[in-house]
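Visitor: I have not seen this structure before. Could you take me through some of its parts?

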Amino acid sequence: MRTEIVVIGGYGHVGGQICTLLDSRFPGVVYAAGRNSERAEMFSRSTGGRIRPMRIDAAEAFPAQQLQKVKLVVMCLDQQDTSFAEACLREGIHYIDVTASLGFFSRMEQLGSSGHDYAAAAVLSVGLAPGLTSLLAGEAVRSLDEVRQLDIGILLGLGDSHGQAAIEWTVDNLSAQFEVMQEGSRTRVDSFTDGLLTDWGTGLGRRRAYRFPFADQRTLARTLCIPTVSTRLCFDSRAATAGIALLQKLGLLRLLKGRRLRRAAVAGFGRVRWGSEQYAVKVEGSGLKNGTPARSEYVIYGLKEAEITARVAAIVAGTIYQEGSNKPGIHHLEQLFRVKLEQDRLSLRLQNQQSGSDGYNTITGISCWSRHS
């Protein structure tokens with residue numbers, strides 16, 4: 001009988017919150033796992049032993065005997081190799097991935113199209129972006145007869161506390177080149193270019209956001225069949241956003257590839273609190289409704305980006321753990337789940353099963369709005 005939940009990276013910034021949320025729902029079966037036994041044990045002690053420690057390295061040979069009682073794995077660490085995830089699926093262990101590596105997603109998708117029969121489900125793109133952005137995109141598609149363009153905006157607070165891996169990923173991608181889907185074809189673009197003035201609604205107003213290599217803009221083009229998809233980023237500090245865009249225009253961001261400047265930039269993002277803890281995501285779909293041009297907009301905003309990421313992941317993991325999935329194989333979040341927006345809450349449920357409306361499937365303390373024209 002498989003009953004255990006293992007969160008790999010479970011003692012990290014987001015992983016620790018996922019462990020705590022899952023333990024409140026399924027006490028006594030949650031493990032905080034990772035390569036560092038000491039950190040796992042320290043985290044376990046901080047919870048009074050409710051969450052148990054486990055030493056596991058996803059880069060090593062798959063520990064089938066160690067995971068023989070595990071029903072679900074939540075992965076919070078970036079990976080290059082898909083062998084661990086594939087082994088989980090072959091063993092009948094559900095797999096939830098909270099990371100956002102497009103390269104890893106592509107390799108996982110290749111596994112899904114390889115014809116193998118898996119005994120469990122893998123859910124990718126779980127978090128804020130990709131994650132909530134993907135679910136909002138799904139709603140935009142359902143609200144229109146045809147979506148020709150999808151614009152995704154992400155606002156992050158520079159006063160928020162972000163994990164080390166997230167800070168390093170952001171700094172490393174400030175000067176990145178990447179591909180987006182433009183009218184059905186791949187087009188190469190640069191980070192922090194092609195600014196788009198975005199209306200975030202009451203309180204946040206209009207802010208210019210710039211291209212950034214979030215994975216959702218590539219995956220959504222395929223999963224939702226949208227010919228043009230773009231994801232842009234801005235910060236709550238208008239000055240910081242404009243300053244980074246200016247550095248990119250002057251060609252100075254490429255200097256961050258040097259080890260010393262990169263280290264200084266990472267330290268700066270990690271230590272200096274330049275703004276608030278606010279985050280926001282906006283998805284705007286443009287296309288046709290009843291044969292005429294139409295638009296659908298969805299916005300979610302609140303405080304503490306890591307917390308909303310953890311809450312989305314915990315809901316998805318808890319739902320799969322409790323209800324399972326009648327679709328084994330590899331999926332992105334929007335292919336299995338739907339989101340329902342209300343003024344001060346949102347609820348997630350499996351598309352093919354009507355989940356109960358208990359508090360665990362609902363996120364409160366946030367603000368949402370949508371409009372259609």
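Guide: This is a predicted model. Ask about the sheets first, then the helices.

Visitor: In the open sheet of seven strands, which strands stand at the edges?
Guide: The order of the seven strands is β3-β2-β1-β4-β5-β6-β15, and their pairing is parallel. A strand at the edge has a single partner, so one of its sides is left without a neighbour in the sheet. The strands in that position are β3 (52-55) and β15 (329-332).

Visitor: Which residue of β6 is the bridge partner of I96?
Guide: Strand β5 covers residues 94-97 and strand β6 covers residues 121-124. The two run parallel and are joined by two bridges. The bridge partner of I96 in β6 is V123.

Visitor: What is the order of the open sheet of three strands?
Guide: Its pairing is antiparallel. β16 (337-341) and β18 (362-364) each have a single partner strand, so both stand at the edges. From one strand to the next the twist averages 20°. The order is β16-β17-β18.

Visitor: Which residue in β18 does S347 stand opposite?
Guide: Strand β17 spans residues 345-350 and pairs with β18 in the antiparallel sense, over three bridges. Opposite S347, in β18, stands T362.

Visitor: Which helix packs on the sheet, touching β16 and β17?
Guide: The helix in question spans residues 132-143, and its direction makes about 80° with that of β16. It is α5.

Visitor: How many of the residues of α5 are buried?
Guide: The 12 residues of α5 should span 16 Å at 1.5 Å a residue, and the end C-alpha atoms are 17 Å apart, which agrees. The helix is mostly covered. Its buried residues include L132, L135, L136 and A140. The count is 10 of 12.

Visitor: Is F337 buried or exposed?
Guide: F337 lies in strand β16. Beyond its neighbours within four places in sequence, its contacts include L135, V316, T319 and I320. Another contact is L348, which is 11 residues away in sequence and 6.7 Å away in space, C-alpha to C-alpha. With a relative accessibility of 1%, F337 counts as buried.

Visitor: How many of the 19 residues of α10 are buried?
Guide: Helix α10 (residues 305-323) reaches 27 Å from its first C-alpha to its last, close to the 27 Å expected at 1.5 Å a residue. After it comes G324, with a positive phi near 70°. The helix is largely enclosed by the rest of the structure, because its buried residues number 15 of 19.

Visitor: How far apart are the axes of α4 and α7?
Guide: Helix α4 covers residues 102-112 and helix α7 covers residues 216-223. They pack at an angle of about 30°, which makes α4 roughly parallel to α7. The distance between their axes is 10 Å.

Visitor: Which residues of α7 make the contact with α4?
Guide: On the α4 side, the contact is made by L102, F105 and E109. The residues of this contact divide into two nonpolar, one polar and three charged. Those from α7 are R218, T219 and R222.

Visitor: What is the relative accessibility of T241?
Guide: T241 lies in helix α8 (residues 238-249). Not counting residues up to four places away in sequence, it touches F192, R208, Y210, C234 and F235. T241 counts as buried, because its relative accessibility is 3%.

Key:
Residues are numbered from 1 along each chain as its sequence is written. This is a predicted model: local features need pLDDT of at least 70, side-chain atom pairs count only at pLDDT 80 or more; totals for chains, interfaces and linings use all residues. Side-chain values use heavy atoms; hydrogens and water are left out. Two strands pair if DSSP finds at least two bridges between them. Helices (H or I, at least four residues) and strands (E, at least two) are DSSP runs, numbered from the N terminus. Axes are lines fitted to C-alpha atoms, for helices over the stretch in contact, and angles run from 0 to 180 degrees between N-to-C directions. Contact means heavy atoms within 4.5 Å. The expected span of a helix is 1.5 Å times one less than its number of residues. Buried means under 20% relative accessible area, exposed over 50%, partly exposed in between (1.4 Å probe, protein chains only). Angles under 35 degrees count as roughly parallel, over 145 as roughly antiparallel, 65 to 115 as roughly perpendicular and the rest as oblique. Ala, Val, Leu, Ile, Met, Phe, Trp, Tyr, Cys and Pro count as nonpolar, Asp, Glu, Lys and Arg as charged, and the others, Gly among them, as polar.
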